[in-house]
Each structure stands twice: as C-alpha cells, then as structure tokens.
Amino acid sequence: MFIVFEGIDGSGKGTQARMLADHLIRKGKKIVLTEEPTKELFTGYFTRIILRSKDTPHPRTIALMMAADRNEHVEKVIRPALEAGEIVISERYYWSSFVYQSLQGVSDDFLNYINREFPKPDITILIDIDPETAMERIIGRAHGNDGLVQQFERLEFLRKLRRKYLEIARKEGFLVVDGSGTPKEVHTRVVAALEGYW
Ligand SMILES: Nc1ncnc2c1ncn2[C@@H]1O[C@H](COP(=O)(O)OP(=O)(O)OP(=O)(O)O)[C@@H](O)[C@H]1O
Ligand SMILES: [Mg+2]
C-alpha cells in the first residue's frame, strides 16, 4: 500500500504523515515513512542545495532533478518496501511536480513523460488549507513592509498552488482533507477518510 500526502507549503503534510504512521504502527503495521525531495539519497541532497542556491535552475531542470531524485527514491526505497508488503507513506510525490513545475510553466507533456515509469500511489491525501493559515504556520507575523510585500507575493503563489492541487485532486480522485484546526483534529479527519481502505 502506497500512500502519498500532498498540499501547499505549511499545510501540515509532514505532521499528518507522521501521525498516520504512528497510528498504523500502533495497529501493528510495518511502515516506511519517507519524503521528497529525499533526505538520505544523494539526489535529494543535490536537489535541496540547488533549490536554495541563488543561481536558480530553469523550471524544466528542476522537474528533471526532482524526477532523478524520484527515480532513486522509487528504486531504493519505495519499490523494495512495497514488494516486502510494507505500507509506504510519502510526504510529496510526482503530484508536487505536476503542481509546482506546471505553475512554473513546464508542460504537462514533459512532466508526464519524465514521470511515466513511476508507480501510481494507491491513495493520495490532499491536506487542503487556506494559504493565510499556511503562511501563519510557516513564518508567523510579518515584520516590516518588505516582509509584508514578500508575504503577499508568496500568498499569491500559494493561492495558485492550492487551486492547482484542487483541480488535480478532482481529476485524480484524491482524498481531500480539511487541514484547518489542531493537528489532532486533522488526524481524526485523515483516519476517517481512510476508513474502508483496510
Ligand atoms: N493543524 C495544525 N495546527 C497548527 N500548526 C500546525 C498544524 N499542523 C502543522 N502545524 C505546524 O505548522 C508547520 C508546518 O507543518 P508541516 O511541517 O507539517 O507542514 P508541511 O506541509 O509538511 O510543510 P512543508 O511543505 O514546508 O514541508 C509546522 O511548524 C507544524 O508544527
Ligand atoms: Mg513538510
């Protein structure tokens, strides 16, 4: 069973992925909790460095780097765990490319092509949250005007991301979970949404 959490920055994906993993471990399931960009593979290491650098790569280059990291992730972590009968929970997967790189102008054809060999998740859970709440969770209150302008631009981008996520969710049949409220409240919704899958 391959479960993916998606959502805009600060939506609570990581928090919910961990809480679901703990919940399933308590039920005696074997869980592999993982994320993209990867933390332990060299491809993820390079991707994270380059994403933070000032020499911003072209969006298609980012898509290719994400796909390279995903290929390592799939072949070294995800596929072996699935073959061993374990439950894989990943924070982000190729849907993130279809949202972020698509908004950066990369064509769906290109994204489809470079991601076409990867296994499809059994369940994708979209943690849906309004961008204002997500921003508050990430950075708290603004200090000074520069901060406010930057936040506003960021907020605009988060709005576009959310719209794109909801569009794909409808098309692909994601479980869309309301991400507002406390982590525990969201977790209860996640468990309820998954009811019937096992
Ligand atoms: N329901 C919640 N209520 C309040 N704060 C939360 C909630 N869920 C998560 N947080 C906090 O908000 C921040 C962002 O959460 P988290 O890291 O889980 O989001 P994320 O979607 O994984 O973000 P990123 O895209 O940056 O990886 C963290 O500091 C986390 O502790
Ligand atoms: Mg996270």
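Which helix gives the most residues to the shell around ligand 1? In this predicted model, the answer is α1, with 3 residues. Let's start at the ligand and then walk outwards through the helices and loops.

## Around ligand 1

There are 14 residues around ligand 1, and those that come nearest are G12, K13, G14, T15 and R137. Two elements, α1 and α8, each give two or more residues to this shell. Sorted by class, the shell holds 8 polar, 4 charged and 2 nonpolar residues.

Two of the nearest residues deserve a closer look. K13 is found in helix α1, and T15 has its place in helix α1 too. Is K13 buried or exposed? K13 counts as buried because it has 24 C-beta neighbours inside 10 Å, and the cut-off for buried is 20 or more. T15 has 17 such neighbours inside 10 Å, so T15 counts as partly exposed.

What does K13 touch, once residues up to four places away in sequence are left aside? Its partners are F5, E6, G7, E91, R92 and I127. Keep R92 in mind, for we will meet this residue again below. You can also try a distance in the viewer: K13 and I138 are 125 residues apart in sequence, and their C-alpha atoms are 13 Å apart in space.

## How the helices pack

Helix α1 covers residues 13-26, and helix α8 covers residues 183-194. Here are three helix pairs that you can find in the structure.

| Helix pair | Angle | Axes |
|---|---|---|
| α1 and α8 | about 60 degrees | 10 Å apart |
| α3 and α4 | roughly 175 degrees | come within 10 Å |
| α3 and α5 | roughly 20 degrees | come within 10 Å |

Take α1 and α8 to begin with. At about 60 degrees, these two helices are oblique to each other, because the angle falls outside the ranges for roughly parallel (under 35), roughly perpendicular (65 to 115) and roughly antiparallel (over 145). Their crossing is right-handed. On the α1 side the contact is made by T15, Q16, M19, L20 and H23, while α8 brings P183, V186, H187, V190 and V191. These residues divide into 6 nonpolar and 4 polar, with no charged residue in the contact. T15, which we met beside the ligand, is thus also part of this helix contact. Across that contact, the C-alpha atoms of T15 and H187 are separated by 8.9 Å, although the two residues are 172 apart along the chain.

Now turn to helix α3, residues 59-83, and its crossing with α4. How are these two helices oriented? Their angle is roughly 175 degrees, and that makes α3 roughly antiparallel to α4. The contact uses P59, I62, A63, M66 and R70 of α3 together with Y94, S97 and Q101 of α4. By class there are 5 nonpolar, 2 polar and 1 charged residues.

Helix α3 also meets helix α5, which covers residues 108-115. An angle of roughly 20 degrees lies under 35, so α3 and α5 are roughly parallel to each other. The crossing of α3 past α5 is right-handed. Here R60, A63, L64 and A67 of α3 meet F110, L111, I114 and N115 of α5. This contact has 6 nonpolar, 1 polar and 1 charged residues. A63 takes part in the contact with α4 and in the one with α5.

## Details in the loops

The loop between β2 (31-35) and α2 (42-52) contains P37. What is the form of the peptide bond from E36 to P37? The bond is cis, with omega near -10 degrees.

T38 lies in that loop between β2 and α2 as well. T38 is buried, because 21 other C-beta atoms lie within 10 Å of its own. Leaving out residues up to four places away in sequence, T38 touches T43, G44, D69, E72 and H73. By contrast, V176 is 138 residues from T38 along the chain, and their C-alpha atoms are separated by 24 Å.

Finally, back to R92, one of the residues that K13 touches. R92 sits in the loop between β3 (87-91) and α4 (94-103). Its phi is positive, at about 75 degrees, although R92 is not a glycine. With 23 other C-beta atoms within 10 Å, R92 is buried.

How values were computed: Residues are numbered from 1 along each chain as its sequence is written. Chains are lettered from A and ligands numbered from 1 in the order in which they are written. This is a predicted model: local features need pLDDT of at least 70, side-chain atom pairs count only at pLDDT 80 or more; totals for chains, interfaces and linings use all residues. Helices (H or I, at least four residues) and strands (E, at least two) are DSSP runs, numbered from the N terminus. A residue is buried if 20 or more other C-beta atoms lie within 10 Å of its own, exposed if 12 or fewer, and partly exposed in between; C-beta atoms are placed from the backbone. Axes are lines fitted to C-alpha atoms, for helices over the stretch in contact, and angles run from 0 to 180 degrees between N-to-C directions. A crossing is left-handed if the near helix is turned anticlockwise from the far one by less than a right angle, and right-handed if clockwise. Two residues are in contact if their C-beta atoms, placed from the backbone, lie within 7 Å. Ala, Val, Leu, Ile, Met, Phe, Trp, Tyr, Cys and Pro count as nonpolar, Asp, Glu, Lys and Arg as charged, and the others, Gly among them, as polar. A residue is near a molecule or strand if its C-beta atom, placed from the backbone, lies within 6 Å of it.
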